[in-house]
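Morning, everyone. I have one model to walk through, in two short parts. Let me put it up.

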There are 2 protein chains.
Amino acid sequence: MYSIQDVSQKTGLSAHTLRYYEKEGLISGVERTAGGFRQYTDEDLERLGLICCLKNTGMSIQEIARFVRLTHEGDHTLEERVELLRAHRELVLERMAEMQKHLDKVTWKLNFFTEKLRAYEAQKAKEKQ
Amino acid sequence: MYSIQDVSQKTGLSAHTLRYYEKEGLISGVERTAGGFRQYTDEDLERLGLICCLKNTGMSIQEIARFVRLTHEGDHTLEERVELLRAHRELVLERMAEMQKHLDKVTWKLNFFTEKLRAYEAQKAKEKQ
DNA sequence: TATTGACTTAGAGTGAACTTTAAGGATTAA
DNA sequence: TTAATCCTTAAAGTTCACTCTAAGTCAATA
């Protein structure tokens, strides 16, 4: 069992953010102590793991909340969840390919400037003689 | 020579955004007609191309503006520019690797759910008999 | 000449995902 | 017991990169 502070450290999310995520429906059913303190289980941590992966691959809070809602509705939403993840995966792959294309141009420009720099330095060295 | 509208179409940036970029120092020295209308050259378009690549790989407007400023300062900033691009490239590569790791987990989860769905459907089919 | 498109400055609005503040009270661990 | 941690609600603030509006003027094209 982990306190909100423990989970904050483990996930890198602030306690504020963890409560915020709970309010937004990203993580639900977190147990409480008799006094009302949150107690996260290992399973909660795992669920948070997936949530972070979805978030870090660019899924919006709203969509993650939708995914989580579906999960709670049971097995009859399996198809929808599979579809949601599949679509997300496709989107991420497309974005990464785009990113790579843009990065290639940056790399090209970098090489161009590196070459130009070499020439410039050579010129400077020559002038110094 | 292209009007702001032409460039908007070619780049996918709105005319508003093009003026905004100019104000923020991302693109400068755009020629004007006698009447003050912007006239973009092919070279401007190329510069915009690089700007979009930097933007699309996650560089902030501020940093792009810095890069552009350095460019205007001449060859003695070549080293700094090379360094800037190199650092940016590294960052993007790291982010993409991270992204890939997160996506792998999503893919794993997707496969898991797909399998679960198959089992669920099989079960439903059996019950129907 | 009429219509459409462009110009300016300056400021307000938008959406996403937090982040912070405030205020007051309860709980927990050493 | 006492210091540290946690709870709540509700709302305001932040950052980024736009996006839009206003108001008035000027230019270009058919």
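A polar contact here is a pair of N or O atoms within 3.5 Å. With that cut-off in mind, take R32(B): a polar atom of its side chain sits 3.0 Å from a phosphate oxygen of DNA strand C, so the pair counts as a polar contact. Keep in mind that this is a predicted model.

Two other side chains reach phosphate oxygens of DNA strand C. For R38(B), an N or O atom of the side chain is 2.9 Å from one. For T17(A), the distance from a polar side-chain atom is 3.2 Å.

Now the wider surface. There are 18 residues around DNA strand C. Those that come nearest are Y21(A), T33(A), Q5(B), R19(B) and R38(B). By type, the surface divides into 8 polar, 6 nonpolar and 4 charged residues.

Which helix gives the largest share of that surface? It is α2(A), with 4 residues. α2 of chain A, residues 15-23, and α1 of chain B, residues 4-11, each supply at least two.

And what does the protein meet on the DNA side? Of the strand C atoms within 4 Å of the protein, 84% belong to sugar or phosphate. The rest belong to bases.

Second part: helix α4 of chain B. It runs from 61 to 73, 13 residues. First C-alpha to last, α4(B) reaches 19 Å, close to the expected 18 Å. Buried in α4(B) are I64(B), A65(B), F67(B), V68(B) and L70(B). What do the buried residues of α4(B) pack against? Against α3 and α5 of chain B, and also α5 of chain A. Just after the helix, G74(B) takes a positive phi of about 100°.

Methods. Residues numbered from 1 in each chain as written. Chains lettered and ligands numbered in written order. Predicted model: local features only at pLDDT ≥ 70, side-chain atom pairs only at ≥ 80, totals over all residues. Heavy atoms only, no water. Near = heavy atom within 4 Å. Polar contact = N/O pair within 3.5 Å; in protein donor to acceptor, adjacent residues only side chain to side chain. Nonpolar A, V, L, I, M, F, W, Y, C, P; charged D, E, K, R; others polar. Expected span 1.5 Å × (residues − 1). Buried < 20%, exposed > 50% of the residue type's maximum accessible area, 1.4 Å probe, protein only. Contact = heavy atoms within 4.5 Å.
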